[in-house]
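Work through the exercises below with the sequence and coordinates open. Each task is followed by a solution in steps.

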Amino acid sequence: MMKTTSFPSVRVDPALREAAQRVLREGETLTSLMETAVRETIQRRVAQAEFMARGLQSSADAKRTGSYHAADDVHAELQRRLDGRRKQVLG
């Protein structure tokens, strides 16, 4: 089992601490709320970085191959897929 460590103490405005305490769910601690917030922020930033990397790679590939797709065509295809899926799910 890996040893745990702690984050540095964070000084915040009393109003922020009070707001955080007001939204705690049953059995939740301020510490667990903060840990969840940090984990979710890390996940979001990793996803954003991966999204940007894919976009930059796609741009480079398009420039290299000369193969581009018009936004209207892409939107129409996405709408077609969405409509098809809605029809499957909603009947």
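**Exercise 1.** State which residue follows α3 and what sign its phi has.

Solution. The residue after α3 is glycine 91, and its phi is positive, near 85°. The model is a predicted one. Another glycine can be listed beside it: glycine 66 comes after α2, with a positive phi near 75°.

**Exercise 2.** Check the spans of α2 and α3 against 1.5 Å a residue.

Solution. Step one: take α2, which has 36 residues. The expected span is 1.5 Å times one less than the number of residues, and for α2 this should give 52 Å. The end C-alpha atoms of α2 are 52 Å apart, so the two values agree.
Step two: take α3, residues 71–90, with 20 residues. From its first C-alpha to its last, α3 reaches 28 Å, close to the expected 28 Å.

**Exercise 3.** Find how aspartate 61 and arginine 64 are paired, and explain their separation along α2.

Solution. Step one: apply the cut-off, a side-chain nitrogen of Lys or Arg within 4 Å of a carboxyl oxygen of Asp or Glu. The closest N and O atoms of aspartate 61 and arginine 64 are 3.3 Å apart, and the pair forms a salt bridge.
Step two: aspartate 61 and arginine 64 are about one helical turn apart because they lie three residues apart in helix α2.
Step three: over the whole structure, the search finds four salt bridges.

**Exercise 4.** Describe the largest pocket by volume and lining.

Solution. Step one: the volume of the largest pocket is about 870 Å³.
Step two: its lining has 20 residues, with Phe7, Leu30, Thr31, Met34 and Glu35 nearest the centre.
Step three: α1 (14–22) and α2 (30–65) each supply at least two lining residues, and α2 gives the most, with eight.
Step four: sorted by class, the lining holds 12 nonpolar, four polar and four charged residues.

**Exercise 5.** Which residues make the nonpolar surface patch of about 380 Å²?

Solution. The patch is made by Phe7, Val38, Ile42 and Val46. Of these, isoleucine 42 is placed in helix α2.

Key: Residues numbered from 1 in each chain as written. Predicted model: local features only at pLDDT ≥ 70, side-chain atom pairs only at ≥ 80, totals over all residues. Heavy atoms only, no water. 1 Å grid on protein atoms, 1.4 Å probe; cavity = no way out; pocket = protein on both sides within 12 Å on 5 of 7 lines; lining within 4 Å. Points joined across faces, edges and corners; volume = space filled by probe spheres on them. Helix = DSSP H or I, 4+ residues; strand = E, 2+ residues; numbered from the N terminus. Nonpolar A, V, L, I, M, F, W, Y, C, P; charged D, E, K, R; others polar. Patch = residues over 30% accessible without salt bridge, like charges linked within 9 Å, V, L, I, M, F, W, Y side chains within 5 Å. Areas by Shrake-Rupley, 256 points an atom, 1.4 Å probe, with all protein chains shown as cover.
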